[in-house]
Amino acid sequence: MEQFSITVKDLLEKLLHSQSHESVSEFIEKLFDKVESLEQHTKIQDSQVEEYVLQLWNWAVTKNVGSAINEQQRAKVRHIACRLLYLCEPENPSEKAIRKQILMASKTGKTWLECKNPKLADDFLSQAVTSLETLYCRLISQRNEGADTNLPKADAEKDLLRVLSYKAESALAQENQQEAVSCVDRCKEMLLRLPKQTGYLSLICYKFGVDTYNKKKLEDSSFWLSQSYDIGKMNPKYSQGPEMQAKVLRLLARVYLELDCQKYQDKALHAVSLANKEYLQPAGIYLKIRILLKSGTPDEVVKSGLKELLDSEVQLDVCLSTVKLLTAEDRETLAFDFLNMVCQHFESSPELGSALLLQIELLMMRGKELLAKQKIEDAITGHYAGRQLSPHNLTSLHLLLWDKAAKSIEAGELDQNLAKLQRNRASCFYYLRQLDKAKEAISEALKCDPNSIFTHFSVYKIAVLEKNIEKATEAIGEIGALAQMPVPSEDRLFVSENAAANLLSLAAQIALDNEQQDTAMKALERFCEVSHDVVQVLTALRCLVRLVLSTMENAYEENRDVCLEALLLYLKMALKNVSRLKIAPGQGEDHCSDEANWFRRIAWNTALQCKSSSVRMRDFFLLCYQLSQLCVQDRGVLMGQKTCLLMVAAACLDICCMTPQTEQQTEILTQALEHIQICREIWRALKASGDYAKDPTDTLLLLYEFEARAKLNDPKLENVFESVLELDNVDTKILETIATLAMKPPAHFPVVCKKALTIALSLHKRGPQADLARCCYCLHTLIQLSLPSGVCEVDHRILEEVWGYYEEALSIISAASEDFPELEILWLLTRAWNTGILLYSLSQYPEAEKWCGLGISFLQHLGSMQDSYQTQMSVLYSEVLDRLDKTKKNLIMEE
């Protein structure tokens, strides 16, 4: 148990101090599993655990404010805290401790109920009841001892009533009606002492009635609704009020009506009559009429209900619903009579058109066409005489007329006119948002005339409203395909050459209005393909660019690549269309320049965001350059062109490093050289018109050209190097870069590399204070390039060259031996010594003695490593000298 306490405290502390959502979830699950693994009657004797429990409970309360944890996690945290609190319970807990248990157990149970887990809720609600009963007994005991416990006892009873109502809710969730009834009965007994809770308990029973009604458990629903009403009557002062009581009774009447109208007719009528007495509302009268109709009551009785409805403060739509109800129940005469009464009653209402429309519809349904025609003419006359129909009613009237006209046309005749008629019907249904009817109408239109762009546009509008992206995209494709075909004869007088383009533009606007950005982009893309108006195409492309940029702001990396591909395509289309605009009649140069400049800025900004992809950066900077060629060529634009081409060349060189194929590398490097040459010409033009002394463009161009030609193994490389040397301010960094590029595979130009490093070394030494690190680098590289690595490479001319480098190194080290890197000295020593040993193995003893001696001369500068190398080298050097003496003696003897 001690180990359990330690583990729980550790997990509690980690949870309380956790910051990330993932770690919070992990610690909650671990604690929950740990606590649930314990037996029910286990006890924890650790006061610190109880302190952590209270902190955890308060932590859950604070997290309840935001969305730091979800409802399920909140329930688990309360579950953990409450379970641990009970495990820490002493044998004889204080009254304060018991109240704490009651609070936590009841709230935990309620939270599990809200999470739809009534079984777990039951455990805690039962614990809460037990604790409440314990508290209540203790308060009774104190009262017997003379203490005033009336107020605490009332609070305890109030808490018990609430917990019992939760238990009833839990029982119902588990379909245990008997247990729920038992809990509510206990609550009802307590109402005598807690009259103020009448409204609460009545509302709880109403909620149970609604829940069981929604589950189609009508008998259970009728029981709970009756309970709700009866409880409300127990103490009207504290009930929910007559309006709520009427609401309960109306629902009860509906339950009886749906359960079995014939069997429960009297009960239904009694319930609705009580409701109307409690709080008269048109909804109650309407329900009463509905019950009377369902139970087959004679017309005279129903008429009294209809009169009562009109006498109340009823809305027109309720009256019209009643007319439809009468029609549905085959009370046609009663329906027409009541509708006439409604028209008279609402004669001055602006909504009277709805009643007139229903009248016309009913007459047409019953085949009374002459009377319907008269009503239609009256409605039209009234519309133009000041009693205007609302737009909705006007559209509905159009639909009725179109529908009647459609039925009057003989099958197979006038296909195109019929298609147009069906499209108009579909449009009316579309504006009324009756989409099923709209789809039926448009299906008929497609059968009559499948090659009409207007029909497919109607299909598109419905698909957008239904958020059917696939269908909308398909319709856009059909419009685009039909745009290449001749205009149908039915529309030739009304359709311009750009009809399809105009519809696609409107399609994009509809999609945007309905927040369907992807569909809008499809429509705009198609528009750009079919439209012959360059200005409109550029406007559409601007819109597409803005849409894709807004998508990129919140896109993940993989979606960002898709967006960049789309943006590249739109900018290429823009380049093509701005070029067309330049030669289009009536378009000024300034307009063309403005358009090109707008897209150029987009390409520039996008290129700057593509640092992780050299290919994309190259493509966007190249497009930026091409678009800038269509702008007015002022100094700013030329500077932009120069920068774009520099960036394109740099990107080409980066791409080349990542491209394994030799042929592809050659193509990319050749393109880079072309861009460098164009950039150089632009740069010459700029320099001729201004002072750019500090601009590094000349240097960059030569470095990029040098790298490209080096990788191509171009013999002109040395000419480029000479041009670098002719620059006004050639610094050591440039020369060292040249040296690196000259030897970076596949390039191999050791001569150029040596020249560059020699000059760089000379410049380093000329400074007021030599840069030892850079001098060291230059010498190291020169020696590395020059020294032989095998027997076949020994060349006295090269050895003399390297000897000169070593003398340079010795002079620098002698001047600043303490600052020169010791490892670099060791490297110089080792290379000189190994060269001497190589010559010794080739029996070139004088040269061997010279190089070994050179190595020995570095010993004095070694410092801490001097002793370890001196002994070994001295022995070997003595052998070399002895061998040299013997060789000299042999030569003398031979002479």
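## A buried glutamine and the largest pocket

Gln 422 counts as buried, because its relative accessibility is 8%, below the 20% cut-off for that label. Keep in mind as you look around that this is a predicted model.

Where does Gln 422 sit? Its place is in helix 20. The side chain of Gln 422 also makes a polar contact, at 2.8 Å, with the side chain of Arg 425.

Next comes an annotated stretch. In an unreviewed entry, UniProt gives the annotation "repeat: TPR" to residues 419–452. In the model, 79% of this span is helix and 0% is strand. The C-alpha atoms at the two ends of residues 419–452 are 9 Å apart.

Now for the open space. The largest pocket holds about 800 Å³. It is lined by 28 residues, and those closest to its centre are Glu 361, Ser 396, Leu 400, Gln 434 and Lys 437. Several helices give two or more residues each to this lining, and they are shown here with their ranges.

| Element | Residues |
|---|---|
| Helix 15 | 316–328 |
| Helix 17 | 352–365 |
| Helix 19 | 391–408 |
| Helix 20 | 415–431 |
| Helix 21 | 435–448 |

Which helix gives the most to the lining of the largest pocket? That is helix 19, with eight residues. Helix 20, the place of Gln 422, is also among the elements that give two or more residues to the lining.

What kinds of residues make up the lining of the largest pocket? They divide into 11 nonpolar, 11 charged and six polar residues.

Definitions and conventions:
Residues are numbered from 1 along each chain as its sequence is written. This is a predicted model: local features need pLDDT of at least 70, side-chain atom pairs count only at pLDDT 80 or more; totals for chains, interfaces and linings use all residues. Side-chain values use heavy atoms; hydrogens and water are left out. On a 1 Å grid over the protein atoms alone, a cavity is a set of points where a 1.4 Å probe fits but cannot get out, and a pocket is an open set with protein on both sides within 12 Å along at least five of seven lines; lining residues have an atom within 4 Å of a point. Grid points are joined across faces, edges and corners, and a volume is the space filled by probe spheres set on the points. Helices (H or I, at least four residues) and strands (E, at least two) are DSSP runs, numbered from the N terminus. Ala, Val, Leu, Ile, Met, Phe, Trp, Tyr, Cys and Pro count as nonpolar, Asp, Glu, Lys and Arg as charged, and the others, Gly among them, as polar. UniProt positions are given in the numbering used here, feature names are shortened, and annotations may be inferred rather than shown by experiment. Buried means under 20% relative accessible area, exposed over 50%, partly exposed in between (1.4 Å probe, protein chains only). A polar contact is a pair of N or O atoms within 3.5 Å; within protein, one must be able to donate a hydrogen and the other to accept it, and residues adjacent in sequence count only if both atoms are side-chain atoms.
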